[in-house]
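Q: I am new to this structure and would like a close look at a single part. Please pick one, and take me through it and its surroundings step by step.

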Amino acid sequence: MFDRYEAGEQAVLVHVDFTAESDREDLDELKMLADSAGVTTLAVVTTRRAAPHPKYYIGTGKAEEVAEAVRALGAEVVIFNHALSPAQERNLERLFECRVLDRTTLILDIFAQRARTHEGKLQVELAQLKHLSTRLVRGWTHLERQKGGIGLRGPGETQLETDRRLLRDRIDHIQKRLEKVEKQRGQGRRARSRREVPTLSLVGYTNAGKSTLFNALTSAEVYAADQLFATLDPTLRRVQLADVGPVVLADTVGFIRHLPHDLVASFKATLEETREASLLLHVVDAADERSADNIRSVNSVLKEIEADEVPVLMVYNKLDKLDDVAPRIDRGDDGKPVAVWLSAQKRQGLELLHQALSELVAQDIFAGTLQLPPTQGKLRADLFALQAVTAESIDEEGNWLVSVRMPDIDWQRLNKQGMDGPRRFIVPDPADKVIH
């Protein structure tokens, strides 16, 4: 059903340099998208226009030039760096006598290649179906075919109407399955909220190094590569932060300029992790000359998914590609971290990121010493499970002397256990206190 092509095909790329800044796309990004899709680029045709041509998007003369290039080079597909209307695609295909794909279809194809989990595949299929629903007319040569047979004669249902109905049914089916996934994710978020575990979400332009940073922080083995949309399926890992305790770190799909709205809608459940996060880590490729534009594009998507109110820490990555720039923390007027400069690949500045996160997410901290009799082995095990024990010894009476440091909320939770709670066993010491 999908108009997907096999990776390895040869293509002619078409790019229009519009005079309006809001309509412009990046030619280098188109080349990277084509490379990420496994396409071999035979030629690149560029032109300048004030507005798209209604029939061919690029004008009659330039369209003929592309057609000649297709015939001369034997290209199998023409890829536009812009969103085409269904009518423009049909007109161009008749002229070029080969398939024509726009930027949206190319991105959807890359997503289809990269999706690994069941949820990811459903989300991509939903986006493809929504995009395809406006393009069903293309390619059909049997639109007048009608259902026949005894009792079924008459106007009947055309093949196009049948296809549209099947599409709607499939879209409804996928949306219902994704609603179940969204409920499951919501239950997970509520459970973390009840435990008051902060969630940190990595966001940023595609290929900014989010997955590499994720792996460096969590010792995970998430797929990371120097290509666009290397990560599609969201990954959650638990990380320990000083003075914070456990936090959940989420690696999410990368954003891109003019991200197709169908994709944003289809990945709603995934992007919910971003909207519900305690803090966003906005990862930026500091060595990319387009970093300022990329930041604006990411902020635009964050606004679209209603995540623009979540606190943000900027993380300028790939510092190893810059000259004479050392890892550092930038602070705002209130003294709180606003940006961290590091290299995830070289593991430079990661300790500064930990420091900044601890400052931003830190809760009230309890520090004290507990005297636990041998009968309190379970409480001692709970303290070790919380990774709250900083030192331990045994006194003359055989009691454990356990020095602890933990978020005050964990301390209060232990105290709710009743008379046998930890307050009964605290060792009076003026140095022991709750740190704010």
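A: What follows is a walk through one sheet, the elements packed around it and the core beside them.

This is a predicted model, in which local features need pLDDT of at least 70, side-chain atom pairs count only at pLDDT 80 or more, and totals for chains, interfaces and linings use all residues. Residues are numbered from 1 along each chain as its sequence is written, and side-chain values use heavy atoms, without hydrogens or water.

First, the setting. The protein has 13 helices and 15 strands (DSSP runs numbered from the N terminus: helices are H or I, at least four residues; strands are E, at least two). Of its 436 residues, 50% count as buried (under 20% relative accessible area with a 1.4 Å probe, protein chains only; exposed is over 50%, partly exposed in between).

Now the sheet. Four strands form an open sheet in the order S2-S1-S3-S4, and their pairing is parallel (two strands pair if DSSP finds at least two bridges between them). Strands S2 (40-49) and S4 (99-101) are the edges; each has a single partner strand, so one side of each has no neighbour in the sheet. On average, neighbouring strands are turned by 20° against each other, direction ignored (axes are lines fitted to C-alpha atoms, for helices over the stretch in contact; angles run from 0 to 180 degrees between N-to-C directions).

Look at S1, residues 10-18. Nine bridges join S1 to S2 in the parallel sense. Within this pair, Leu-13 faces Val-44 of S2.

Helices pack on this sheet. H1 (residues 27-36) touches S1, S2 and strand S3 (77-80) (contact means heavy atoms within 4.5 Å). The direction of H1 makes about 160° with that of S1. H2, residues 60-73, also lies across S1, S2 and S3. Its angle to S2 is about 170°.

Follow the chain on from S3. The loop between S3 and H3 holds His-82. His-82 has 2% relative accessibility, so the residue counts as buried. Its side chain reaches back to S1's stretch of sequence: the backbone nitrogen of Val-16 is 2.8 Å away.

Next comes H3, residues 86-96. Its buried residues are Gln-88, Glu-89, Asn-91, Leu-92, Glu-93, Leu-95 and Phe-96. They pack against H2, S3, S4 and helix H4 (103-114). Just past the end of H3, Glu-97 takes a positive phi of about 60°.

The same elements also feed a core. In soluble globular proteins, nonpolar side chains tend to be buried together. Here, the largest nonpolar core has 30 residues (a set of buried Ala, Val, Leu, Ile, Met, Phe, Trp, Tyr and Cys joined through side-chain atoms within 4.5 Å). Ile-79, Leu-106, Phe-255 and Leu-302 touch the most other members. S1, H1, S3, H4 and helix H10 (291-304) each give two or more residues. H4 supplies the largest share, four residues.

Take Leu-302 as one example. Leaving out residues up to four places away in sequence, it touches Val-203, Phe-255, Thr-274, Leu-280, Ala-307 and Asp-308. A second, separate core has 27 residues, including Leu-200, Leu-279, Val-340 and Leu-342.

One last number covers the whole protein. Among contacts with a separation of 6 or more, 69% join residues 24 or more positions apart.

How values were computed
A polar contact is a pair of N or O atoms within 3.5 Å; within protein, one must be able to donate a hydrogen and the other to accept it, and residues adjacent in sequence count only if both atoms are side-chain atoms.
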